[in-house]
Structure formats: C-alpha cells, structure tokens
Amino acid sequence: MAFFADILAVPDRFQNSNDSQLRYGALGSLRLDPVVVLTAMAAVTQHLGLTSTRSTSHYQPFEVARSLATLDHLSAGRAGWNVVTSFQDAESRNFSRREQIPREKRYDRADEFLEVVHQLWDSWEDDALRFDRAAPLFAEPAKVHHIDHEGEWFSVRGPLNVPRPPQGYPVIVQAGASDRGRDFAAQWADVIFVSHDSLESAKDFYSEMKARVRKKGRDPASLKILPAATPLVGETQALAEEKNRLLQSLIDPVAGLSTLSYHLDVDLGQYPLDSALPDINVPGVKGHYDEVREATDRDKLTLRELGRRYGSRYEGDLVGTPEHVADGLERWFREGAADGFMIAAPYQPGGFEEFVRLVVPELQKRGLFRTAYSGQSLRDHLGLERPAHGAWRERATPRVDRKAA
Ligand SMILES: Cc1cc2nc3c(=O)[nH]c(=O)nc-3n(C[C@H](O)[C@H](O)[C@H](O)COP(=O)(O)O)c2cc1C
C-alpha cells in the first residue's frame, strides 16, 4: 500500500511565518493533492494499494465518498482513506474559518462524517447496475436509494452518483492518538498508522488498541496496526553509518523544529535552541508530542538536538545492513508491537529503491513478506473481508446514544 499523508496549508506555526517551511523544503512546504496523484498511479500499477488522506473537518462527506469510490473503481478495488480531523489553524483559514473546531467537536463531526460516507457508499446496492438494453434497464431504480441524512453537521440527500465501490467500502485508515482518537479508530478503522519512540511504547499502544477493538465487539485481527519506520540501509554496516553521518550533517535543526511546531500547533521558535522542550499542553497532534516527550526526557535533548532528530525521522536501531534492519522489524512484529509497518524513506526515491532491493528479499527469506499476491483488492492484501451492504451499522454509535453522551 502506498500511503500519502496530507495537510491543507503551508504551515506557519514556527515564528508565525511559513519562511522556515519554504526555505528548507520542510515536510509541509509542498503537497500535491493525493487523490489526483494516486489516480495517476492507479493507471500504471496492478496490485499496489492507494491510500489518500482526506480531512473530515474541511471537506464534505459527499465529496469524499465520491472521490474515494471513484478511485476504488478506477483501481479495481485498491483505494484507502486516511481519515484525519486536521489540527492547524492555518488549514481552517483556507476553508473559510478563523480557527479550528475544538478537538472533541472535531471528532463529533468525524463520527457523523463517517456515518454519512458509508451510507453514500451503500446508496447503490451491489447488484444495482444491470446494463440490460432490452428491458431497458441501465440501473435498477429500486436498488439505488436516497439516504436522507439530517444530522448536527450535515444534511445529505443522496444517492451517490457512483455505484458501490468494488471493496464495498475503501479501506479506512486512521492515526489519532488521544483517548477520543483511539476510540474513533477502534470503532471505524481497518488500519492504524502510528509513530513511536520505543518498542515499549509501541507494545503498550498495540495491546491497548487491540483491547479497545475487542470491547467494541470486533475481532482484534480486523484492525491492523502499522507503526512508522524509516530504515537507513546500506550493503555494509560501514556504508550505512557513512550515509547516516552525511545525512545528519545536512540537517538544519530549524527545519525539524518548524515541522514539529506545526505538528504540535505550538511555536517552538519562541524558546532558545539550547533549552529543553518545555512541558506543554499541546493543542496539536498528541501522538507526536508523546513521542518527542519520551525521547527528550530519556536522552536529555535540547531543542537543537530534537530539531535535528525530528528533521531526519530515522531511528538509530534501523541503520545498518539488510539483515540488521530485518532483525529490527522482525522484533517489533514478533513482540506484539506491529502487524506491519508504514515504511518511510530517509531520502527519495533511493531510500525506497534500497528497501525493496535489499531488505524485502531478506524478509521474504524469513517468511515475513509475501512473494506473490493472493488477491486483487487492498482488502485482500491486508487480509480483511469485503464488508457486506449495510455492514457499517455494526460499527456506528447509534446517533441517539451519541446525543445522550
Ligand atoms: C503518525 C501520525 C500521522 C498523521 N498523519 C496526518 C496527516 O497526514 N494529515 C493530518 O491532517 N493529520 C495527520 N495526523 C493527525 C491525526 O489524524 C489527528 O488529527 C491528530 O492526531 C489529532 O487527533 P488526536 O488528538 O486524537 O491525536 C497524524 C497523526 C499521527 C499520530
């Protein structure tokens, strides 16, 4: 599965300016629209899953249901949606709002958004298309339904003008780490994307999430947990370390701090570079704060050192030979911290090319990576069932309960 994160602004949280993002080509400086890019990729690939981020705080359910259903049709069942609630005022300002919707409210809206999107995907029954010229019957009107949704945030009549997606519903990916975010994931997600600073915190998260899923009455295996991993691989250990030294020497700490500032939604440019990360109540992404808090406290990092580390995002224990990198990934998998990984590259496209050429064969030798595809859809690749028409209802909190809560 290829996965594109996304945001909807050039961030300006660091010193109230987008200068640092643009100057260093930092993470948020440039983002092509992922659905458009993935659609182009669908045309030149056969098996690759194609997952796009789309925000429930800024888009409308009809738009998202339609574009993801379209991608699922064009790719013969390979679409995924990374559901995000967004976390920057800069994004709100591009969508006719002065500031963000408060976090709890963002998740209320997200819950209703997911309900509406699933109803739209179900607004055509699986066998609604007939293509019967003689009758004539292109589509059976009795099998295409209005949804007549009237809620707190949305009013949507339906039906969608795209038939039910080949996967039933595109794969739902999610990455929230707050209590409410985890609950939302346990309810709706097929895949969780997460980043951790250590094996211990990854294991805690993994077992806590699987327990939450069980409590919702779902099979824990129906939610796949994929931590981010950024391996730096070389044919020899010495080569990998040499690359590491070179890459480290290229990183300006301000680039990393600028990205961390928008992730936390806190201006880190107001603190001296040689001070430590202060204890803050972050309005932004809690998962990223937990990760850097753990690293700062353990390794006694200054902001300068933290900025350098955040600017590179690859971990010391995944720097080395293909065997060494495979050992690290295998350990996380076997010790109950991961069902798989979201691999990022320390540089592109070489970092991906090396991972595929050097590490994948090592994982295959160990029986940890497929050597052939056994199905066509992204759900097949992930070992997830195709949801039947109406299956989303088992996942949704009935709206009356939500109102009472
Ligand atoms: C590993 C990871 C990746 C994320 N990727 C994105 C992203 O691409 N776009 C986005 O708007 N939010 C992204 N988020 C933010 C979450 O989707 C969520 O909006 C945010 O974490 C706030 O929710 P929380 O307080 O439950 O963590 C990411 C979060 C994490 C932990």
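At 405 residues, the chain would be expected to show a radius of gyration near 22 Å if folded as a compact globule, and the value of 22 Å found here agrees with that. The model is a predicted one. Laid out along the principal axes, the C-alpha atoms take up a box of roughly 70 × 50 × 40 Å.

As for what the chain is built from, it holds 15 helices and 13 strands. Contacts that reach across the sequence are well represented: take the pairs of touching residues at least 6 apart, and 73% of these contacts link residues at least 24 apart. Some 52% of the 405 residues count as buried.

Turning to the outside, the accessible surface adds up to about 19100 Å², and carbon and sulfur atoms account for 52% of that area. Charge is the other thing to look at. The chain carries 51 positive and 59 negative charges, and the mean positions of these two sets sit 2 Å apart.

One residue gets a closer look here. E291 is part of helix α10, which runs over residues 286-299. Is E291 buried or exposed? Its relative accessibility is 10%, and because buried means under 20%, E291 counts as buried. Leaving aside residues up to four places away in sequence, E291 is in touch with S195, H196, D197 and R313. So the picture for this glutamate is a buried position in helix α10, with contacts that include R313 as well as D197.

Note on methods. Residues are numbered from 1 along each chain as its sequence is written. This is a predicted model: local features need pLDDT of at least 70, side-chain atom pairs count only at pLDDT 80 or more; totals for chains, interfaces and linings use all residues. Side-chain values use heavy atoms; hydrogens and water are left out. Helices (H or I, at least four residues) and strands (E, at least two) are DSSP runs, numbered from the N terminus. The radius of gyration is taken over C-alpha atoms; the globule rule is 2.2 Å times the number of residues to the power 0.38. Buried means under 20% relative accessible area, exposed over 50%, partly exposed in between (1.4 Å probe, protein chains only). Contact means heavy atoms within 4.5 Å. Accessible areas come from the Shrake-Rupley method with a 1.4 Å probe; for residues, only the protein chains shown count as cover. Lys and Arg count as positive and Asp and Glu as negative; His and the chain ends are not counted. The place of a charge is taken as NZ of Lys, CZ of Arg, CG of Asp or CD of Glu.
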